[in-house]
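This report looks at one protein model and describes a few of its features. Please keep the sequence and the structure in view while reading.

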Amino acid sequence: KNPCGTCKGKGLIKVKKKLTAKIPPGVDTGSRLRLEGEGEAGVRGGSKGDLYIRMNVKPHEFFHRDGDNILCQIPISFPQAALGDEIEVSTLNGPKKIRIPKGTQPNETIKLKGEGIENVRGYGKGDQIIQFLIQTPTSLSEKQEELLREFGKLDKDQVEDKGFFAKFKN
């Protein structure tokens with residue numbers, strides 16, 4: 001007959017509450033985190049339900065995620081690709097020196113074992129996969145052009161444009 005002014009006889013009061021949740025390493029977009037007993041109050045004095053938090057992982061501008069693996073693209077110069085080099089790359093655990101193999105081809109990749117994301121279920125870590133993007137210079141000095149022409153003449157593996165039938169015949 002005389003309902004409560006706060007809950008209007010429903011037995012429930014809306015309360016805003018700040019919670020702290022420990023986000024485990026390795027979660028990805030779409031993962032759910034359950035906070036036991038932090039949901040809606042039970043009906044007629046029943047126990048509280050659970051609160052589910054759905055994760056949305058913000059993308060990174062340099063690293064891209066593929067499961068537990070981290071992918072990134074590193075631009076290198078033609079001389080670095082042809083002759084090999086040692087460079088420093090970013091990883092999730094800080095900078096690391098890597099060796100660019102001699103004769104690296106465009107889009108070739110190398111794998112850094114264990115430099116990826118920790119598995120959410122604790123089954124180790126993923127890898128970091130580095131893809132090399134070979135940058136061709138767009139403006140060359142006269143000396144650079146001369147050296148490249150000389151290199152082209154000396155290159156025994158120079159690609160020849162054979163017609164379709166010549167390729168088919170070979």
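The sections below deal with a sheet, one of its strands, and the cysteines.

## The model

The model is a predicted one.

## The sheet

Four strands form an open sheet in the order β3-β4-β8-β7, and their pairing is mixed. At the edges lie β3, residues 64–66, and β7, residues 109–112, each of which pairs on one side only. On average, and with direction ignored, neighbouring strands of this sheet are turned by 35 degrees against each other.

In general, strands of a sheet are held in pairs by backbone hydrogen bonds, in a parallel or an antiparallel manner.

## Strand β7 and its partner

The edge strand β7 pairs with β8, which covers residues 128–135. This pairing is antiparallel and runs over four bridges. Lys-111 has Ile-129 in β8 as its bridge partner, and Leu-112 has Gln-128 in β8.

The side chains of β7 alternate between two faces. Ile-110 and Leu-112 point to one face and are buried. Thr-109 and Lys-111 point to the other face and are not buried. Leu-112 thus appears twice in this account: as a buried residue and as the bridge partner of Gln-128.

## The cysteines

How many disulfides does the structure hold? The number is zero.

Is Cys-72 buried or exposed? Cys-72 counts as buried because its relative accessibility is 3%, and the cut-off for buried is under 20%. Cys-4 has a relative accessibility of 38%, so it counts as partly exposed.

Methods: Residues numbered from 1 in each chain as written. Predicted model: local features only at pLDDT ≥ 70, side-chain atom pairs only at ≥ 80, totals over all residues. Heavy atoms only, no water. Disulfide = S-S within 2.5 Å. Buried < 20%, exposed > 50% of the residue type's maximum accessible area, 1.4 Å probe, protein only. Pairing = 2+ DSSP bridges. Axes fitted to C-alpha atoms, helices over the stretch in contact; angles between N-to-C directions.
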